[in-house]
Amino acid sequence: METVTGGKLKLIMTLLVRDEEDIIRENIEFHLHQGVDFFIAIDNASTDGTAGILKEYEKQGVLKYHYEPSSVWSPSEWATKLAREAYLEYGADWVISNDADEFWIAADEDRSLKDLFGSMEQDVNIVVAERFNFVPVCQDERVLFFQKMIYREKESKNPIGKPLPPKVAHRAAASVCVALGNHSVSGLGAEVEREGCVEVLHFPMRTIRQYEAKMINLGSGHENARRPNLRRRFYKQYLKDNHFLKDKYHEACYSYDRLLESCRSG
């Protein structure tokens, strides 16, 4: 196991990705500037340029690339595997289990993530991060997402109207288990959480093409899930009506007038 030298905190981010070429480079660069030391990524059968981008960072020595060909999406199993690898193989002190469309930032924007986790109280082993959706904007799809998606919801909800659940980061451990969606962890012993110090900026719907591909990929990967699943439901609806996902995107999209009215109304 590589060890942390000089008492310096080692912050590792894990990533589960599939067909994320429009955002994965921005995600990695953003978190490098926030003080993340290393990334471990599982690429689940991407067919776009995602693998090439990840391998660029592997050549730079800041990322470990794993390829997963399975057609069955197993996020909890994979996230747990990576979180344990972060500790056992790379000497992580803290682990952030992340998705390509999520950007972690200290609530105090004058601090980096590295500074924040480095100053965390010794008894705290879980950091709870509230998420905020940035809304899709009706602009030319050639405009990069971070140039046009600059408005976020004050209180974000999921596609069925329930509050958007937070994500968690955790102290590294060989026994950790990451729950589905990275919303909680177990296996750390007595859990001591800290809230309110980190936020997650979430960009789930960036273009029609990206959103449609995402829902098809995840929906088909969840087809054999045992419990009800929104992505599976949307995918089955799409199989009946191939305009369904495009319509969902347009329903969520904000025109200039809608943005103006939403800001006025709070």
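# Strands, a helix and two cores

The sulfur of Cys263 lies 14 Å from the closest cysteine sulfur, that of Cys138, which is too far for a bond. A disulfide would need the two sulfur atoms within 2.5 Å. By this rule the structure has zero disulfides. Both cysteines sit partly at the surface: Cys138 is partly exposed, at 48% relative accessibility, and Cys263 is partly exposed as well, at 49%. The model described here is a predicted one.

With no disulfides to follow, the strands are a useful place to go next. Strand β4 covers residues 94–99. Five of its six residues are buried, so β4 is largely enclosed by the rest of the structure. Two neighbouring strands can be traced from β4. One is β1, which runs parallel to β4 and is joined to it by six bridges. Within this pairing, Leu11 has Trp94 of β4 as its bridge partner. The other is β7, which pairs with β4 in the antiparallel sense over three bridges. Here Ile96 has its bridge partner in β7, namely Ala169.

How many residues of β7 are buried? Five of the five are, so this strand too is largely enclosed by the rest of the structure. Strand β7 also pairs with β6, residues 126–133; the two run antiparallel and are joined by four bridges. Ala169 of β7 appears again in this pairing, as the bridge partner of Val127. Ala169 is therefore a bridge partner of Ile96 and also of Val127.

One residue of β4 can be looked at by itself. Ser97 has its place in this strand, and it counts as buried because its relative accessibility is 2%. Leaving aside neighbours within four places in sequence, Ser97 is in contact with Thr14, Trp104, His170, Val178 and Asn182.

Trp104 leads on to the nonpolar cores. The largest of these has 41 residues, and Trp104 and Phe117 are those with the most contacts inside it. Apart from neighbours within four places in sequence, Phe117 touches Leu9, Leu11, Trp94, Ile96, Val127 and Ala169. Several of these names have come up in the strand pairings: Leu11 and Trp94 are bridge partners, as are Ile96 and Ala169. There is also a second, separate core of 24 residues, which includes Ile42, Trp78, Ile126 and Val178.

Trp78 belongs to helix α3, where it is one of the buried residues. This helix runs over residues 75–88, and its 14 residues reach 20 Å from the first C-alpha to the last, close to the 20 Å expected at 1.5 Å a residue. Which residues of α3 are buried? They are Pro75, Trp78, Ala79, Thr80, Leu82, Ala83, Glu85 and Ala86. An α-helix has 3.6 residues a turn, so residues three or four places apart point the same way. The buried residues of α3 pack against β1, β2, β3, β4, β7 and β8. Among these strands are β4 and β7, which pair with each other.

The loops hold some residues worth a separate look. Asn125 lies in the loop between α4 and β6. Is Asn125 buried or exposed? Its relative accessibility is 9%, so Asn125 counts as buried. Leaving aside neighbours within four places in sequence, its contacts are Trp94, Ala169, His170, Arg171, Leu188, Ala190, Glu191 and Val192. With Val192 there is a specific link: the side chain of Asn125 reaches the backbone nitrogen of Val192 at 2.9 Å. His66, by contrast, is 59 residues from Asn125 in sequence and 27 Å from it in space, C-alpha to C-alpha.

Two other loop residues stand out by their backbone angles. Most residues other than glycine have a negative phi. Asp19, in the loop between β1 and α1, has a positive phi of about 55° although it is not a glycine. Ala45, in the loop between β2 and α2, likewise is not a glycine and has a positive phi of about 55°. Ala45 is buried, because its relative accessible area is 16% and buried means under 20%.

Note on methods: Residues numbered from 1 in each chain as written. Predicted model: local features only at pLDDT ≥ 70, side-chain atom pairs only at ≥ 80, totals over all residues. Heavy atoms only, no water. Buried < 20%, exposed > 50% of the residue type's maximum accessible area, 1.4 Å probe, protein only. Expected span 1.5 Å × (residues − 1). Contact = heavy atoms within 4.5 Å. Pairing = 2+ DSSP bridges. Core = buried A, V, L, I, M, F, W, Y, C linked by side-chain atoms within 4.5 Å. Polar contact = N/O pair within 3.5 Å; in protein donor to acceptor, adjacent residues only side chain to side chain.
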